[in-house]
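Me: I'm new to this one, so could you walk me through it with a few questions and answers?

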Amino acid sequence: MIVQSVQTQLKLFVLDTNVILHDARSFQNFEEHDVALPITVLEELDRFKKGNEDINFQAREFLRQIDQMTGDLLSEEGATLGEDQGRLRVIFTNDLDARLHQVFLHDSPDNRILNTALHLQRYVNDRRVILITKDVNLRMKAKSLGLQAQDYINDKVESFDSLYSGRRILENITTEQIDRFYQDSGNVHLEDFPEVSDPIANENFVLRNGSKSVLATFNKEEQILRRIEKYSPYGIKPRNAEQVFAIKALMDDNIKLVTLAGKAGTGKTLLALSSALACSSAYRQILLARPVVPLSNRDLGYLPGDISAKMDPYMQPLFDNLSVIRHQFNDTDKEAQRINRMLEQEKLVITPLAYIRGRSLQRMYMIVDEAQNLTPHEVKTIITRAGEGTKIVFTGDINQIDHPYLDSLSNGLSYMINRMKGQDLYAHISLEKGERSDLADIASELL
């Protein structure tokens with residue numbers, strides 16, 4: 001048997017600033033390998049340490065951690081990352097790689113970080129140097145210069161196909177089996193239905209044969225399949241099985257966390273808002289929020305106008321969904337008047353997500369729209385703020401991401417679906433069929 005030397009297996013990972021702003025603890029996730037920080041990264045983190053956004057928290061948290069770890073002095077050998085782990089080093093270099101000087105004519109933080117990685121590749125002989133960055137363009141620049149570059153994948157979903165959909169379709173169920181769901185309480189014990197294999201908490205099923213079908217959900221605590229009734233909260237009628245499943249989860253008091261994923265026009269936000277209104281008496285407030293991804297990744301302060309003028313374009317889709325619900329009724333109907341009253345009394349609030357920081361989320365029905373633009377840490381921060389009696393709903397399209405450093409596998413919505421599936425308090429539905437209009441559905445598929 002050939003035993004490969006441990007020394008030849010070791011690597012040196014060079015971290016970009018955006019990796020740290022994504023996850024302040026990222027440097028601890030490289031096992032026995034060493035981690036290098038270009039001095040440019042510390043310089044960039046200094047610009048991000050002030051503020052109330054998630055990236056500001058990540059910058060401060062990282063700087064605090066390495067300050068405690070390094071003590072009074074950081075030697076050239078670096079500081080140990082812990083038992084059976086590598087070492088952390090801060091790298092200074094003034095030598096500009098000739099290839100960088102020839103190809104890239106201007107100085108920038110990205111080019112300086114790339115230069116540091118190339119410097120290490122040239123002078124470190126006992127380790128393979130790998131640049132870790134969430135910037136696709138920087139990865140391509142590194143690869144073009146012969147330097148191995150990778151994305152930070154510690155919190156990535158393994159694959160798009162493995163993402164939990166929240167429902168299964170079972171064919172060739174006998175008529176007698178389906179009829180059992182329409183008798184008595186509509187419950188069937190799992191042991192009496194061997195066709196359903198290894199269900200998880202709150203998983204949904206379409207059980208059908210050629211002529212009959214039934215929609216059911218699995219109750220893990222009681223080990224039963226329960227028939228789902230169709231509801232039309234605030235006049236919004238479900239148009240397919242997935243929307244029926246979604247409304248059931250959205251209106252179930254025992255389910256405290258719901259995620260709805262789907263392309264534009266599948267009804268995610270509309271279903272969440274109408275369901276929230278239908279069960280609003282159980283909650284102190286309905287809060288609709290969405291993350292603001294600034295234009296060209298620039299702060300909103302660059303935009304003209306007061307705070308209302310800056311925010312209104314981002315919040316308009318939420319107002320549009322509320323308008324759809326209002327139009328189900330006449331102005332004199334009690335439902336329409338109740339919506340107006342809730343807005344006036346701030347029982348129904350539409351706000352940018354950043355504005356909920358510091359608030360206490362007690363007995364709230366909170367809907368977070370466009371959750372695919374949140375990082376895993378931001379999702380965790382929101383959920384861990386939930387107090388007694390609070391329900392949180394995340395909606396989003398994991399294929400339509402505006403955040404510059406997230407993709408369909410690394411965004412907070414995908415991460416949450418992958419990690420929370422099977423929990424008793426959690427339910428997820430992937431909405432696939434567009435219901436906005438035939439035109440919108442065709443455009444989503446073909447364009």
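Me: At roughly what angle do the axes of helix H13 and helix H14 cross?
Reply: Helix H13 covers residues 376-383 and helix H14 covers residues 412-420 of this predicted model. Their axes come within 7 Å. H13 passes H14 in a right-handed crossing, and the angle is roughly 65 degrees.

Me: Which residues in H14 meet H13?
Reply: On the H13 side, you'll find Pro376, Val379 and Ile383. By class, this contact has six nonpolar, one polar and no charged residues. The partners in H14 are Gly412, Leu413, Tyr415 and Met416.

Me: How about another pair: are H9 and H10 parallel or oblique to each other?
Reply: Helix H9 takes in residues 241-251, helix H10 residues 268-278, and their axes come within 9 Å. They cross at roughly 40 degrees. Angles under 35 degrees would count as roughly parallel, and 40 degrees isn't under that, so H9 is, relative to H10, oblique.

Me: And how many polar residues are in the contact of H9 with H10?
Reply: H9 brings Gln243, Ala246, Ile247, Leu250 and Met251, while H10 brings Leu271, Ala272, Ser275 and Ala278. Seven of these residues are nonpolar and none is charged. Gln and Ser are not on the nonpolar or charged lists, so the number of polar residues is two.

Me: What is the handedness of the crossing of H3 and H4?
Reply: Helix H3 (residues 39-48) and helix H4 (residues 54-70) have axes that come within 8 Å and cross at roughly 130 degrees. The two helices are therefore oblique to each other. As for handedness, their crossing is left-handed.

Me: Which residues of H3 make the contact with H4?
Reply: H4 offers Ile55, Asn56, Ala59, Phe62, Leu63 and Ile66. Sorted by class, the contact of H3 with H4 has eight nonpolar, one polar and no charged residues. From H3 come Leu42, Leu45 and Phe48.

Me: Staying with H4, is glutamine 65 buried or exposed?
Reply: Glutamine 65 sits in helix H4. Its relative accessibility is 11%. Buried means under 20%, so glutamine 65 counts as buried.

Me: Which side chain makes a polar contact with the side chain of glutamine 65?
Reply: Leaving out residues up to four places away in sequence, glutamine 65 touches Ala24, Arg25, Phe27 and Gln28. Alanine 24 is 41 residues apart from it along the chain, yet their C-alpha atoms are separated by 8.6 Å. The polar contact, at 3.3 Å, is with the side chain of arginine 25.

Me: Now for a loop: is aspartate 151 buried or exposed?
Reply: Aspartate 151 lies in the loop between strand S6 (148-150) and strand S7 (167-170). Its relative accessibility comes to 13%. With the cut-off for buried at under 20%, aspartate 151 therefore counts as buried.

Me: Which residue's side chain makes a polar contact with the side chain of aspartate 151?
Reply: Not counting residues up to four places away in sequence, aspartate 151 touches Ile132, Thr133, Lys134, Arg139, Lys156 and Asp407. The polar contact between side chains is at 3.1 Å, and the partner is lysine 134.

Me: Zooming out, what share of the chain's residues count as buried?
Reply: The chain has 15 helices and 17 strands, and its C-alpha trace spans about 75 × 65 × 45 Å along its principal axes. Among contacts between residues at least 6 apart in sequence, 70% join residues at least 24 apart. Of the 447 residues, the share that counts as buried is 49%.

Note on methods: Residues numbered from 1 in each chain as written. Predicted model: local features only at pLDDT ≥ 70, side-chain atom pairs only at ≥ 80, totals over all residues. Heavy atoms only, no water. Axes fitted to C-alpha atoms, helices over the stretch in contact; angles between N-to-C directions. Helix = DSSP H or I, 4+ residues; strand = E, 2+ residues; numbered from the N terminus. Parallel < 35°, antiparallel > 145°, perpendicular 65-115°, else oblique. Left-handed = near helix turned anticlockwise from the far one by under 90°. Contact = heavy atoms within 4.5 Å. Buried < 20%, exposed > 50% of the residue type's maximum accessible area, 1.4 Å probe, protein only. Polar contact = N/O pair within 3.5 Å; in protein donor to acceptor, adjacent residues only side chain to side chain.
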